Amino acid sequence: MKARRYCTTNARSGLRLRASPISGEVLDVLKNGSLLEVLDDQHWLKVRDQNGREGYISADYTEAAPPPEATAGVTANIVNFQSQGSNISGDLIRIDEDFVVFLTQIDEKLKTLELQLIVTSSLRKPDQDITNTVVEPAKSSNHFVGHALDFNLQYGGEYYNSKRITELDISQENTDDPVSDAQVKRFLNWLAKDASPLRWGGTFSTPDPIHLDDALNLNDQAAYKQKLTQLWG
Ligand SMILES: [Zn+2]
């Protein structure tokens, strides 16, 4: 027969004695320093894996670890973009704080081209539970973390919605293009080629010509997932 084992509690305000692990009925609150005989030292940790799946593992097979460096300090902080004085407008532009810097770059470009960008969609809530879903780039929109915008463009009285942008041949600048077409083409070409990591949705395999994002879901998947979990659970 094994020698009996004992322990004392170390919780100043008392430690709950439960009938079963985690959330079992509270039988008593043990005073600090209570002497107890250990009957079974199996204990379970409630944990969450990198995909957001939750469950229990035995603590006997774990050791303490620091948070992964890639995601340490990553926080989603949704802000309302203050568009006063910019060439960007829209009812409520909700984006992650880390995406504001790109809107500043976009605004500078818009000003040189005398274009207005009207935001039609920014932060969006995933329409399905993300906690049990393995995040695949194709299915994980940057809208879910406030790193994407849908937009229309305007030059003077000329308005460019999805249909009109789609009708433009972006790859060709023609000498007889109206000025408004030429400026819209210049902006979209800049977005597609010279504004990395920004991307224009018109270049996607399924073209989405009124979409732009910074490819966070591809370039830093750990940060993307961390923000997604923080925002939507
Ligand atoms: Zn979009």
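The paragraphs below walk through a predicted model, from its overall make-up to its helices and a handful of individual residues.

The protein contains 5 helices and 14 strands. Of its 233 residues, 23% count as buried. Contacts that bridge long stretches of sequence are well represented: among those between residues at least 6 apart in sequence, 55% join residues at least 24 apart.

A good place to begin is the pairing of two helices. Helix α1, residues 100–113, packs with helix α3, residues 179–194, at an angle of about 155°, and the two axes are 10 Å apart. Because angles over 145 degrees count as roughly antiparallel, α1 is roughly antiparallel to α3. The crossing of the two helices is right-handed. On the α1 side, the contact is made by Lys109, Leu110 and Leu113, while α3 brings Gln183, Arg186, Phe187 and Trp190. Sorted by class, the residues in this contact of α1 with α3 are 4 nonpolar, 1 polar and 2 charged.

Helix α3 itself has 16 residues, and the distance from its first C-alpha to its last is 21 Å, close to the 22 Å expected at 1.5 Å a residue. Its buried residues are Gln183, Val184, Lys185, Phe187, Leu188 and Leu191. Two of these names, Gln183 and Phe187, were met above in the contact with α1. The cover over the buried residues of α3 includes α1 together with the strands β11 (148–155), β12 (158–160), β13 (199–200) and β14 (211–213). The chain beyond α3 holds a feature worth a look in the viewer: Ser196 and Pro197 are joined by a cis peptide bond, with omega about 10°. Pro197 sits in the loop between α3 and β13.

Returning to α1, Leu103 is one of the residues within this helix. Leu103 counts as buried because it has 21 C-beta neighbours inside 10 Å. Setting aside residues up to four places away in sequence, Leu103 touches Phe81, Ile88 and Ile95. For one of these partners, Ile88, the separation from Leu103 is 15 residues in sequence and 8.3 Å in space, C-alpha to C-alpha.

Asn87 offers another view of the surroundings of α1. This residue lies in the loop between β7 (78–80) and β8 (88–89), and it counts as buried because it has 20 C-beta neighbours inside 10 Å. Apart from neighbours within four places in sequence, the contacts of Asn87 are Asp107, Leu110, Lys111, Leu115, Gln116 and Leu117. Leu110 appears here as well as in the contact between α1 and α3. Asn87 and Gln116 are 29 residues apart in sequence, yet their C-alpha atoms are 4.9 Å apart.

The backbone also shows positive phi values at residues that are not glycine. Glu114, with a phi of about 55°, is one of them. It lies in the loop between α1 and β10 (116–121), and counts as partly exposed because it has 13 C-beta neighbours inside 10 Å. Ala215 also has a positive phi, about 60°, although it is not a glycine. Ala215 belongs to the loop between β14 and α4 (216–219), and is partly exposed, with 16 other C-beta atoms within 10 Å.

Helix α5 covers residues 221–232; at 1.5 Å a residue its 12 residues should span 16 Å, and the end C-alpha atoms are indeed 16 Å apart. The buried residues of α5 are Ala223, Tyr224, Lys225, Gln226, Lys227 and Leu228. Among the elements that cover them are β9 (94–96) and α4. After α5 comes Gly233, which has a positive phi near 85°.

Finally, Thr9 gives a glimpse of the N-terminal strands. Thr9 is placed in the loop between β1 (5–8) and β2 (15–18). With 15 C-beta neighbours inside 10 Å, Thr9 counts as partly exposed. Beyond its neighbours within four places in sequence, Thr9 is in contact with Leu15, Leu30, Asn32, Gly33, Ser34 and Leu36. Of these partners, Ser34 is 25 residues from Thr9 in sequence and 5.4 Å away in space, C-alpha to C-alpha.

How values were computed. Residues are numbered from 1 along each chain as its sequence is written. This is a predicted model: local features need pLDDT of at least 70, side-chain atom pairs count only at pLDDT 80 or more; totals for chains, interfaces and linings use all residues. Axes are lines fitted to C-alpha atoms, for helices over the stretch in contact, and angles run from 0 to 180 degrees between N-to-C directions. Helices (H or I, at least four residues) and strands (E, at least two) are DSSP runs, numbered from the N terminus. Angles under 35 degrees count as roughly parallel, over 145 as roughly antiparallel, 65 to 115 as roughly perpendicular and the rest as oblique. A crossing is left-handed if the near helix is turned anticlockwise from the far one by less than a right angle, and right-handed if clockwise. Two residues are in contact if their C-beta atoms, placed from the backbone, lie within 7 Å. Ala, Val, Leu, Ile, Met, Phe, Trp, Tyr, Cys and Pro count as nonpolar, Asp, Glu, Lys and Arg as charged, and the others, Gly among them, as polar. The expected span of a helix is 1.5 Å times one less than its number of residues. A residue is buried if 20 or more other C-beta atoms lie within 10 Å of its own, exposed if 12 or fewer, and partly exposed in between; C-beta atoms are placed from the backbone.
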